Each structure stands twice: as C-alpha cells, then as structure tokens.
Amino acid sequence: MSSDRGKEISQESEELNQNPAAVMSRYETQKRRDWNTFGQYLKSQRPPVPVSHCDYNHVLDFLRYIDQFGKTKVHLQGCIFYGQPDPPAPCTCPLRQAWGSLDSLIGRLRAAYEENGGSPDSNPFANAAIRIYLREVKEYQAKARGIPQKKKNRKPFDPNKGNDGSSSGMQFP
C-alpha cells in the first residue's frame with residue numbers, strides 16, 4: 001500500500017472518531033474501539049508504525065501484548081491443576097485472553113481494516129500466520145483446562161432427516 005493510501009486510511013479513521021453515528025450496534029462499537037486500540041498500539045511502537053506499513057508480525061505482537069489483560073485462567077503445564085476442567089482450589093497461573101475473545105477481536109479488526117480503506121489482498125488480520133496462532137492458542141487452552149478437542153464427524157446428508165437428525169416427516173415419491 002502506498003504512503004498516500006496510508007494517510008487516507010488514517011484520515012478516514014479519524015473522521016469516524018469525530019463523527020460517530022447516532023446509534024451504533026454493539027458490534028460496530030467494539031469494532032471501532034478495537035481499531036482505535038490497535039492504532040494506538042502501532043503509534044506506541046518505536047519507531048511508530050503507520051497502519052499502511054503494518055503486517056501480520058505487528059498483529060501477532062499486538063495479540064501477545066493484549067494477552068496480559070485477559071480474564072481467563074489458563075493453567076501452565078507445571079501446575080497441579082493443568083488439564084482439570086474444574087480445579088478445586090486457586091493457583092498462581094496467569095490470566096490470559098480467551099481464545100474466543102481473540103478470534104472475535106481478529107474478525108472485527110479484519111473488517112475494520114477493509115472498511116478503513118485497506119485492501120483485502122493485503123489485510124494483515126487475514127494472514128495464515130494469524131489463523132495458525134489462534135489455532136495454537138485454542139488447542140493449548142483446551143489442554144490446559146482439560147477440555148477434549150473433538151473433531152466433528154460429519155454424517156452423510158439424509159434428505160429424510162432434518163438438520164438436527166430428527167425425521168422431518170416429509171416423504172418424497
């Protein structure tokens with residue numbers, strides 16, 4: 001992306017901040033807040049990073065940074081409660097961002113990037129490295145909490161059954 005396009009993205013973002021819509025959905029409010037937070041994170045880097053020069057490494061660094069502000073207890077491998085879904089006592093393991101929160105955050109930032117003039121082809125939030133990171137966080141958190149990861153086995157489609165597996169009562173000639 002050219003530096004002129006980066007200025008346009010920044011200007012569009014500032015205009016959104018100065019002229020909020022009369023009523024915004026919770027999703028739109030979160031998306032704007034997340035976009036502003038990410039922009040502040042980039043500005044705090046030494047040297048500051050313009051959005052137009054942001055890549056997936058900046059996104060990964062941001063995810064690692066916000067992890068420290070999480071509210072989900074994730075047991076470390078050495079913890080006596082590692083792998084237990086309901087530990088009987090407190091421990092000193094750190095609080096982390098829950099996988100689902102990170103996944104939602106990336107979805108909102110991915111949309112905000114494109115809404116603020118970024119190209120879908122160069123969207124750093126859509127990079128495969130981000131998907132891999134999120135998958136690794138999900139798997140680790142599932143193991144740390146003792147939640148088994150099961151892959152869904154898809155059953156072949158049966159036109160005589162509804163989506164929930166129950167009979168639809170419809171008969172076909």
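**Exercises on a predicted model**

The accessible surface of the protein chain comes to about 11900 Å², and 51% of this surface belongs to carbon and sulfur atoms. The model is a predicted one, and buried residues make up 31% of the 173 residues in the chain.

**Exercise 1.** Work out in which order the helices and strands follow one another from the N terminus on.

*Solution.* Begin with the count, which is 5 helices and 2 strands. Then follow the chain from the N terminus, where the elements run α-α-α-β-β-α-α.

**Exercise 2.** Find which residues have the most contacts inside the largest nonpolar core, and which helix gives the most to this core.

*Solution.* The largest nonpolar core has 23 residues, and those with the most contacts inside it are F38, V59, L63 and F125. Next, look at the helices α2, α3, α4 and α5, each of which supplies at least two residues of this core; α4 gives the most, with 6 residues. Finally, take L63 and leave aside its neighbours within four places in sequence: L63 is then in contact with L102, L105, I106 and Y133.

**Exercise 3.** Decide whether E28 and K31, which form a salt bridge, are each buried, partly exposed or exposed.

*Solution.* The closest N and O atoms of the pair are 3.2 Å apart, and the two residues, 3 residues apart in helix α2, are separated by about one helical turn. Because buried means under 20% relative accessible area, K31 at 3% is buried, whereas E28 at 32% counts as partly exposed.

**Exercise 4.** Locate the two partners of the salt bridge between R96 and D67.

*Solution.* The closest N and O atoms are 3.5 Å apart. R96 lies in strand β2 and D67 in helix α3, 29 residues apart, so that the pair links distant parts of the chain.

Definitions and conventions
Residues are numbered from 1 along each chain as its sequence is written. This is a predicted model: local features need pLDDT of at least 70, side-chain atom pairs count only at pLDDT 80 or more; totals for chains, interfaces and linings use all residues. Side-chain values use heavy atoms; hydrogens and water are left out. A nonpolar core is a set of buried Ala, Val, Leu, Ile, Met, Phe, Trp, Tyr and Cys residues joined through side-chain atoms within 4.5 Å. Buried means under 20% relative accessible area, exposed over 50%, partly exposed in between (1.4 Å probe, protein chains only). Helices (H or I, at least four residues) and strands (E, at least two) are DSSP runs, numbered from the N terminus. Contact means heavy atoms within 4.5 Å. Accessible areas come from the Shrake-Rupley method with a 1.4 Å probe; for residues, only the protein chains shown count as cover. A salt bridge is a side-chain nitrogen of Lys or Arg within 4 Å of a carboxyl oxygen of Asp or Glu.
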